[in-house]
Amino acid sequence: MSRIVYVNGAYLPESEARISVFDRGFLFADAVYEVTSVLDGRLVDFPGHLARLHRSLEALEMAAPLDDDGFEAMHRELLARNGVVEGMVYMQVTRGAADRDFVWPTAAEPGLVAFTQARPLVDAPAATHGLRVVSVQDPRWARRDIKTTQLLGPSMCKMLAKKAGADDAWFVEEGFVTEGTSNNAWIVLADGSLVTRNLSTAILHGITRTAMLAYAALAGARVEERPFTIAEAQGAAEAFITAASAFVTPVVEIDGVAIGDGTPGPVTRRLREIYIAESRARAR
C-alpha cells in the first residue's frame, strides 16, 4: 500500500504526487526543510522544528505557506493516514514555481510537500554497535545555519565515507570539526564533560542538539560549547552524534582510531536513554 503524501494542499497517493518543473526547489534548491521524529505516534520537539523553519524562511525572505496550526494539523493528518507510530515526517517549503531566473520572484506561491517515513528509532542498530566516521574537509556553503535542501555536498561526503568502509563523515574546517553530514558532533571528556561546537553560521542549529543541552543536566554532565579537533576527538573518552533521525548515537571510531575501548560508552548510553524518555514524555 502506497503512502499518502501532502503536495500543495492535497493529500495524495505517492504515485500521484507531482510538482512543477519550474518549482525553484527543483531548479535552484531554493527550499528549506524540517524532519520531525515520531515516537508512539506523537511529534518530538515539534515547536523547535517550527521555530527553526521560520528562522530559515526569514533568512531567505521566503513566505510560509501555512500558519503554525496548519503545519501541525498537516503533520497529524499524515501520521493518521499512514498509521505511523515510529519514524519521521519530512516537510519541505519551496519558494514556488516561476520561470527560471537567478533573481527570485516576489509574488510566487510558496510550495509545500511532506511525507512520512516509518522506521525504528529507539531500537536502531547503530545505537548498539556505534558509528565509524572519517574526517573530510568541509565543502559546503557558508550559511549552514539555514536548513536548505542544498545537500549534494553532505551526500557526496557520506558516500565517500561508505566507500572507505565507514558509516559517516565529520566535516573539518580550519582544523576544527564543524559537524557530521546530517548531525551535530559531540565528544565526552575523561571527566564526563560534553563538548560540542558552538552555534554560528558554520553549523546547523540542531533541534536535538538543543534538547541535549537541556537534558545533559539530568545526567549530571557539564557542557562546553566550543570547537574541537579530530585529534581531541580521537583522544576523548566517548563520542556521539545528535539528530532528529538518530537521537543520540555513539561514535566508536574516527579515521580508523578507536574511541575509548571502541564500544558505545556509558555516558552516551545514558544520554540516549534520557533523551528517549524525555522525548516520549514531552511529545505532542
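Colleague: What makes the way helix 2 passes helix 3 a right-handed crossing?

Modeller: Helix 2 crosses helix 3 in the right-handed sense, a label used if the near helix is turned clockwise from the far one by less than a right angle, anticlockwise being left-handed. This is a predicted model, where local features need pLDDT of at least 70, side-chain atom pairs count only at pLDDT 80 or more, and totals for chains, interfaces and linings use all residues. Residues are numbered from 1 along each chain as its sequence is written, and side-chain values use heavy atoms, leaving out hydrogens and water.

Colleague: Why are helix 2 and helix 3 called oblique to each other?

Modeller: Helix 2 (residues 46-59) and helix 3 (residues 68-82) pack at about 125°, with axes 11 Å apart. Under 35 degrees would be roughly parallel, over 145 roughly antiparallel and 65 to 115 roughly perpendicular, the rest being oblique; the pair is therefore oblique.

Colleague: Which residues of helix 2 and helix 3 meet?

Modeller: Phe 46, Leu 50, Leu 53 and His 54 of helix 2 meet Asp 68, Phe 71, Glu 72 and His 75 of helix 3, contact being heavy atoms within 4.5 Å. Happily for bookkeeping, they divide into 4 nonpolar, 2 polar and 2 charged.

Colleague: And the whole protein: how many helices and strands does the protein have?

Modeller: There are 8 helices and 15 strands, counted as DSSP runs (H or I, at least four residues; E, at least two).

Colleague: How do you know that the protein is as compact as a globular protein of that length?

Modeller: Its radius of gyration is 19 Å, close to the 19 Å that the globule rule gives for 284 residues, so the description fits. The rule is 2.2 Å times the number of residues to the power 0.38, with the radius taken over C-alpha atoms.

Key. Axes are lines fitted to C-alpha atoms, for helices over the stretch in contact, and angles run from 0 to 180 degrees between N-to-C directions. Ala, Val, Leu, Ile, Met, Phe, Trp, Tyr, Cys and Pro count as nonpolar, Asp, Glu, Lys and Arg as charged, and the others, Gly among them, as polar.
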